[in-house]
Amino acid sequence: MKKILSAFICAMLLIATTGCGSMNNTQKGAAIGAGGGAALGAGIGALIGKGKGAAIGGVIGTAVGATAGVLIGKKMDKAKAQAEAIENAQVESVTDANGLQAVKVTFDSGILFATGSSSLQTAAKNSLSEFANNVLKQNADMDVAIKGYTDNAGWKGCTAEQSAAKNEALSLQRAQSVSTYLTNMGVSTSQIKSIEGLGEANPVADNSTAAGKQQNRRVEVYLYASEAMINAANAGTLQ
């Protein structure tokens, strides 16, 4: 246990002194692997992902070595670069529940949907079609989570509680619309592990401004290492 704790501390020191902003996924993967990997994943995820990591995927309890972390990091770097080429997609690196690197792709709901609607607009379909073909289908061994969000704007004639419930329902419908379109484009239904509507929760900007509300109205798609991908990385066979 002392050896694992020491490795974990060393990994955290490496990340802290190097700075997450200057490390790519491959470098982070090596540091995480050195720290004991998935066995300590939730703790590492909270530190690197600023508390957001533990919500992405589920802990599988398999330790990940440094070499496996590097292999997964390389795949995530490639997937991130592919996603960055998609129009209307905002892309960043995050950390999943296993302490491994993941990719977060955000689509602004204003681009995806008309106000109050869950029907995809034409421009959104073009972007999602590219995303399906050039990212998700190229990384079929990665698991996918889709999360929908709204701002905190109220609905006419509704109480704050009723509006929150409507916003949650709308966010789920929008996440489902994105999922349905992606699978219609050939993405395997088994690749999409979760679809959630979180409504007004987890705002990323100030809801008191129009610009902030626009940022909070969004659909996020996460690509993270599947258990099979982790096992292949541990075996040294991950391509």
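Helices (runs of H or I, at least four residues) and strands (runs of E, at least two residues) are DSSP runs, numbered from the N terminus. The structure described here is a predicted model, in which local features need pLDDT of at least 70 and side-chain atom pairs count only at pLDDT 80 or more, while totals for chains, interfaces and linings use all residues. Residues are numbered from 1 along each chain as its sequence is written, and side-chain values use heavy atoms, with hydrogens and water left out.

**Overall organisation**

The protein contains 9 helices and 5 strands. Read from the N terminus, the order of these elements is α-α-α-α-β-β-α-α-β-α-β-α-β-α. Of its 239 residues, 44% are buried (under 20% relative accessible area; exposed means over 50% and partly exposed lies in between, with a 1.4 Å probe and protein chains only). Among contacts (heavy atoms within 4.5 Å) with a separation of 6 or more, 75% are made by residues 24 or more positions apart.

**How the strands pair**

Two strands pair if DSSP finds at least two bridges between them. The table lists four such pairings.

| Strands | Direction | Bridges |
|---|---|---|
| β1 (residues 89-95) and β2 | antiparallel | 7 bridges |
| β2 and β5 (residues 218-225) | antiparallel | 6 bridges |
| β3 and β5 | antiparallel | 8 bridges |
| β3 and β4 (residues 192-197) | parallel | 5 bridges |

Individual residues show how these strands are aligned. Ala-89 has Phe-107 of β2 as its bridge partner. Further along β2, Lys-104 stands opposite Tyr-222 of β5. In β3, Tyr-149 faces Arg-218 of β5, and Gly-148 stands opposite Gly-197 of β4. The strands β1 and β2 also form a hairpin, with 5 residues between them. In the turn of this hairpin, Gly-99 has a positive phi of about 75°.

**Two covered strands**

Strand β2 is largely enclosed by the rest of the structure, because 8 of its 8 residues are buried. Gln-101, Val-103, Val-105 and Phe-107 point one way from β2, whereas Ala-102, Lys-104, Thr-106 and Asp-108 point the other way, and all are buried. The buried residues of β2 thus include Lys-104 and Asp-108 as well as Val-103 and Val-105.

Strand β3 is mostly covered too, with 8 of its 8 residues buried. One side of β3 carries Met-142, Val-144, Ile-146 and Gly-148, the other carries Asp-143, Ala-145, Lys-147 and Tyr-149, and both faces are covered.

**Ring interactions**

How many aromatic pairs does a search of the whole structure find? The search finds 1 aromatic pair. Rings of Phe, Tyr and Trp (its six-membered ring) pair if their centres lie within 6.5 Å; planes under 30 degrees apart count as stacked, over 60 as edge-to-face and the rest as tilted. Phe-107 and Phe-131 form the pair, which is edge-to-face, with 5.6 Å from centre to centre and 75° between the planes. It links distant parts of the chain, since Phe-107 belongs to strand β2 (residues 101-108) and Phe-131 to helix α6 (residues 122-136), 24 residues apart. Phe-107 and Phe-131 are both buried.

Charged side chains also meet rings; a charge sits over a ring if NZ of Lys or CZ of Arg is within 6 Å of the ring centre and within 35 degrees of the ring normal. The charged end of Arg-218 sits over the ring of Tyr-149, 3.8 Å from the ring centre. These two residues also stand opposite each other, Tyr-149 in β3 and Arg-218 in β5. In a second case, Lys-166 lies over the face of Trp-155, 5.4 Å from the ring centre.

**Helices α9 and α6**

Helix α9 (residues 227-235) has buried residues that include Met-229, Ile-230, Ala-232 and Ala-233. These residues lie on the same side of α9, because they cover an arc of only 160° around the axis (taken from the directions from the helix axis to the C-beta atoms). On the other side of α9, Ala-228 and Ala-235 are exposed. The cover over the buried residues of α9 includes α4 (66-84), β3 (142-149) and β5. After α9 comes Gly-236, whose phi is positive, near 80°.

Asn-126 is located in helix α6. Is Asn-126 buried or partly exposed? It counts as partly exposed, because its relative accessibility is 49%. Asn-126 and Asn-88 are 38 residues apart in sequence, and their C-alpha atoms are 9.8 Å apart in space.
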